[in-house]
Amino acid sequence: KVTVTFPYKQAQALHQAAGDILSFDDASDSVFNFDKSRIEAAHRASEKLLDAFLSVERNHREGER
């Protein structure tokens, strides 16, 4: 288990980059060398990243009020 703290803009950029890679099969295959177990792990990690990003985004928006 790894805990990392990101400022809002870094979390937003990381979320976007992961989404860009994982949304295209060709990109996922290229990055993970056609290893389905690594691709599946990346999708699970991306889901956790999305949850964390949404939390950061919520906190960011609340701070703007």
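Here are some notes on this predicted model, running from the overall fold down to single residues.

1. Overall fold. The protein chain comes out as 3 helices and 0 strands, so the pattern along the sequence is simply α-α-α. The C-alpha trace spans about 45 × 25 × 15 Å along its principal axes. For a compact globule of 65 residues you'd look for a radius of gyration near 11 Å, but this chain has 14 Å.

2. Surface and burial. Buried residues account for 17% of the 65 residues. The accessible surface is about 5,400 Å², with 53% of that belonging to carbon and sulfur atoms.

3. Helix α3. This one runs over residues 36-64. With 29 residues, α3 reaches 41 Å from its first C-alpha to its last, close to the 42 Å expected at 1.5 Å a residue. Its buried positions are Ile39, Ala42, Ser46, Phe53 and Glu57. What covers them? The cover includes α1 and α2; α1 takes in residues 8-22, and α2 is 25-31.

4. Phe53. If you want one residue of α3 to look at, try this one, which sits in the helix and has a relative accessibility of 7%. That is under the 20% cut-off, so Phe53 counts as buried. Leaving out residues up to four places away in sequence, Phe53 touches Tyr8, Ala11, Gln12 and His15. Gln10 makes a handy sequence-versus-space check: Phe53 and Gln10 are 43 residues apart in sequence, yet 9.8 Å apart in space, C-alpha to C-alpha.

5. The salt bridge. The count comes to 1 salt bridge. Arg61 pairs with Glu57, and their closest N and O atoms are 3.1 Å apart. Side chains of opposite charge can pair when their charged atoms come close. Both residues belong to α3 and are 4 residues apart, about one turn of the helix. Are the two partners buried or exposed? Arg61 is partly exposed at 47% relative accessibility, whereas Glu57 is buried at 17%. Glu57 is also one of the buried α3 residues listed in point 3.

6. The loop between α2 and α3. Which residues here deserve a second look for their backbone angles? Asn33 has a positive phi of about 55°, and Phe34 has one of about 60°; neither is a glycine. Most residues other than glycine have a negative phi. Asn33 lies in the loop between α2 and α3, and Phe34 is found there too. As for accessibility, Asn33 is at 60% and Phe34 is at 60%. Over 50% counts as exposed, so both residues fall in that class.

7. The nonpolar patch. On the surface, Val2, Val4, Phe6 and Leu14 make a nonpolar patch of about 360 Å². Leu14 belongs to helix α1. With a relative accessible area of 34%, Leu14 is partly exposed. A residue needs over 30% to be part of a patch, so Leu14 qualifies on that score.

8. Where to look when you open the model. I'd start at Phe53 and its contacts, including Tyr8 and His15. From there, go along α3 to the Arg61 and Glu57 pair. Then turn to Asn33 and Phe34 for the positive phi values, and finish at the patch that includes Leu14.

Notes: Residues are numbered from 1 along each chain as its sequence is written. This is a predicted model: local features need pLDDT of at least 70, side-chain atom pairs count only at pLDDT 80 or more; totals for chains, interfaces and linings use all residues. Side-chain values use heavy atoms; hydrogens and water are left out. Patches are made of residues with over 30% relative accessible area and no salt bridge: like charges are joined within 9 Å, nonpolar side chains (Val, Leu, Ile, Met, Phe, Trp, Tyr) within 5 Å. Accessible areas come from the Shrake-Rupley method with a 1.4 Å probe; for residues, only the protein chains shown count as cover. A salt bridge is a side-chain nitrogen of Lys or Arg within 4 Å of a carboxyl oxygen of Asp or Glu. Helices (H or I, at least four residues) and strands (E, at least two) are DSSP runs, numbered from the N terminus. Buried means under 20% relative accessible area, exposed over 50%, partly exposed in between (1.4 Å probe, protein chains only). The expected span of a helix is 1.5 Å times one less than its number of residues. Contact means heavy atoms within 4.5 Å. The radius of gyration is taken over C-alpha atoms; the globule rule is 2.2 Å times the number of residues to the power 0.38.
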